[in-house]
Amino acid sequence: MSATLATKQRTPIRPARVLLHTFLVVTALAWLAPLLWALFAALRPYSETSTKGYVSWPDKLSFDNFTNAFEQSDMTHYFGNTLLIAVPAVLVTLFLSSCVAFYVSRFDFRVNLFLLLVFTAGNLLPQQVIITPLYRLYLLIDLPGITMSGKLYDSALGLVLIHVAFQSGFCAFVLSNYMRSLPHELTEAALVDGASVWRLYWQIVLPLCKPAMAALATLLSIWIYNDFFWAIVLISTGENMPITSALNNLSGQYFTDPNLVAAGALLTAIPTLIVYFALQRQFVSGLTLGANKG
Amino acid sequence: MTAETTTNSPEAAAVPPPGAASAAKRTPQGHRRLLTRRDRITLGLMAGVPTILHVALVWVTALASIALAFTTWDGIGFDSIKWVGLQNFRDLFTSNPQFWPAVQHNVIWFVVLILIPTPLGLFLAVQLDKKIRFSRVYQTALFLPVVVSLAVTGFVWQLIYNPDTGLINSLIGANKPGHYIDWIGDPHLNLWAILVAACWRHTGYMMILYLAGLKGVDPSLREASSLDGANEWQTFKNVIFPTLRPTNTVVLVVTIIEALRAFDLVFVFNKGAQGTELLSILVTNNIIGESSRIGYGSAIAVVLLVISLAVIIPYLIATFRKERRA
């Protein structure tokens, strides 16, 4: 904290600063360029770009492609699918991983270190390492009446489960570090007073973890929303797909109209952009929570 | 005490203060004696349920991959599983035309990520750490690609690479018959074209990691160095960079894992057709493709697993050993 105070001095305008700003402006624009290009293409009607080419001055800019993409591809339905997967997945992941974190960080059981290792290492594995048996397992598990497909495969429940299992590794690691930094006197006193373990967790430790939980919630929502791989492999019916993988399926339909595809892709990205701009601080701190250790 | 903990920024609080660990060593025995039977059951459930779910879906399946790698199985009925020993691996290493290119591409993926976006991200982080104006704006622009899903990234970059309608060919006049540059279809070009998009994304990620690392550098180090007359580069090279060692380790591990996991971009681009084979794509093709060669796909997954564990295990051992010592 004293770091920010020490360096709080006014910097005079120097040529080096101007050069630096020029460099940063150019870089930032270059980084935005692909997205801006997609936006430009999405705002133009296909008929115009097909005759004039894409690198041309626009006669007409409109949101028609956006409305068309939204209606033609039934996006509300796919956004709904994503909500059905992401909301429970984020909540359950946070709940379960905070339980594990509480267990390993507030008590000194012999298995703690091993348990944390198992969770952390599991999250670092590439998903493809486990996908083949998982796919078979999902096909084996019958859930008649519980999921539409009658199996764990091709169901929102199946995606929620794998997201929870996979992401809880990262969250347990981060939250256990966070909980360890809380003073031990807090829970000690309550335990001596006869509070149950559950009360310690639910009424004392968990409320103190709000900042970390908020950061993780932001991060998890974006990750799970953006997931492509699990959905591609574990969902077979187009109707059941979440928005990101549905887009891949649907792009075939507007193969000949890149403007419409651009509009569809940008529409898909909007929720993540909103979350990011609204909760930027949480998102970035969430990302570096795990990385600061090492 | 509690107020202080809650107002702390998460990243500061994630690193336990030096006193916390010793306190942890002192109290637990007292804790444990106080636990009632019910508490023990509660604790068992709190740790047990998530562990069972995680172990069953992640580790048991990873072990099942290993077992299946030594079999052939078409996926229909358990009685068709046949033990074949090392046959899948022998086929993979000697006769599969896609395997070695895939390995090579994964290696290229890693080398490119570590050589271009990583130093660039570090450089940008160092510049943005200078408390300059509009730092937030620059950060946001550079970090935006990390927020957008890789699938969307793939679509966006196709608008740039499309041979007919793409930005690049339109700009350089290569979109007329006879002059096509097929960025996506040409097996000599497509991997590099995709890697540009991958670098675009990775730079922002690295920048944020390094920014977080730089925040932790003691400012008195910098002051001392400038008092000694070191210039900016010397300060960075001799003082700042060495203190970034923990961040560098994380960056290295993250980059290797990213290179092994690479999938979405390639899948959206051209489904890993010629020129862009990756191990992850080969595994997936064995599942959602026409042919269901479970044993064979598992053998590729095992290769991926072994490489990953060779990175993950030393990293975790080092991390957790430090934690214990703290």
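The lining of the largest cavity in this predicted model divides into 31 nonpolar, 12 polar and 5 charged residues. That lining is made up of 48 residues, and those that lie nearest the centre of the cavity are Gln127(A), Trp223(A), Tyr205(B), Glu258(B) and Arg261(B), while the space enclosed amounts to about 1,200 Å³. Counting cavities of 30 Å³ or more gives 2 in total.

The second largest cavity has a volume of about 50 Å³, and its lining consists of Thr82(A), Ile85(A), Ala86(A), His163(A), Ile224(A), Tyr225(A), Asp227(A), Pro242(A) and Thr244(A). Sorted by class, these lining residues comprise 5 nonpolar, 3 polar and 1 charged. Two helices of chain A, α5 (75–106) and α11 (210–226), each supply at least two residues of this lining, and α5(A) provides the largest share, with 3 residues.

From Ala86(A), one of the residues lining the second largest cavity, the reader can step across to Val160(A), which is 74 residues away in sequence although the two C-alpha atoms are 7.3 Å apart in space. Val160(A) belongs to helix α8 (residues 156–180) of chain A, and it counts as buried because its relative accessible area is 11%, below the 20% cut-off. Beyond its neighbours within four places in sequence, Val160(A) is in contact with Leu84(A), Ile85(A), Pro88(A) and Ala89(A); of these, Ile85(A) also appears in the lining of the second largest cavity.

The next feature is the nonpolar core. The largest such core holds 201 residues, among which Phe102(A), Trp230(A), Leu234(A) and Trp109(B) touch the most other members. Helix α12 (residues 190–215) of chain B gives the most to this core, contributing 16 residues. Around Phe102(A), setting aside residues up to four places away in sequence, the contacts include Phe107(A), Met179(A), Val197(A), Leu200(A), Tyr201(A) and Val205(A), together with Leu43(B) and Met46(B) from the other chain.

Contacts between the chains also appear at Ser65(B), which is placed in helix α5 (residues 37–68) of chain B. With a relative accessible area of 0%, Ser65(B) is buried, and, when residues up to four places away in sequence are not counted, Ser65(B) touches Val129(A), Ile130(A) and Pro133(A) as well as Ser298(B), Ala301(B) and Val302(B).

Further along chain B, helix α15 (residues 245–261) has 17 residues and reaches 24 Å from its first C-alpha to its last, close to the 24 Å expected at 1.5 Å a residue. Its buried residues are Thr247(B), Asn248(B), Val250(B), Val251(B), Val253(B), Val254(B), Thr255(B), Ile256(B), Ile257(B), Ala259(B) and Leu260(B). Glu258(B) and Arg261(B), by contrast, are among the residues that lie nearest the centre of the largest cavity.

Helix α14 (residues 232–243) of chain B contains Thr235(B), a residue that counts as buried because its relative accessibility is 8%. Apart from residues up to four places away in sequence, Thr235(B) touches Arg222(B), Ser225(B), Ala230(B) and Ile240(B). The separation of Thr235(B) from His188(B) may be set beside the pair described in chain A: Thr235(B) and His188(B) are 47 residues apart in sequence and 42 Å apart in space, whereas Val160(A) and Ala86(A) are 74 residues apart in sequence and 7.3 Å apart in space, in each case from C-alpha to C-alpha.

Methods
Residues numbered from 1 in each chain as written. Chains lettered and ligands numbered in written order. Predicted model: local features only at pLDDT ≥ 70, side-chain atom pairs only at ≥ 80, totals over all residues. Heavy atoms only, no water. Helix = DSSP H or I, 4+ residues; strand = E, 2+ residues; numbered from the N terminus. Buried < 20%, exposed > 50% of the residue type's maximum accessible area, 1.4 Å probe, protein only. Contact = heavy atoms within 4.5 Å. 1 Å grid on protein atoms, 1.4 Å probe; cavity = no way out; pocket = protein on both sides within 12 Å on 5 of 7 lines; lining within 4 Å. Points joined across faces, edges and corners; volume = space filled by probe spheres on them. Nonpolar A, V, L, I, M, F, W, Y, C, P; charged D, E, K, R; others polar. Core = buried A, V, L, I, M, F, W, Y, C linked by side-chain atoms within 4.5 Å. Expected span 1.5 Å × (residues − 1).
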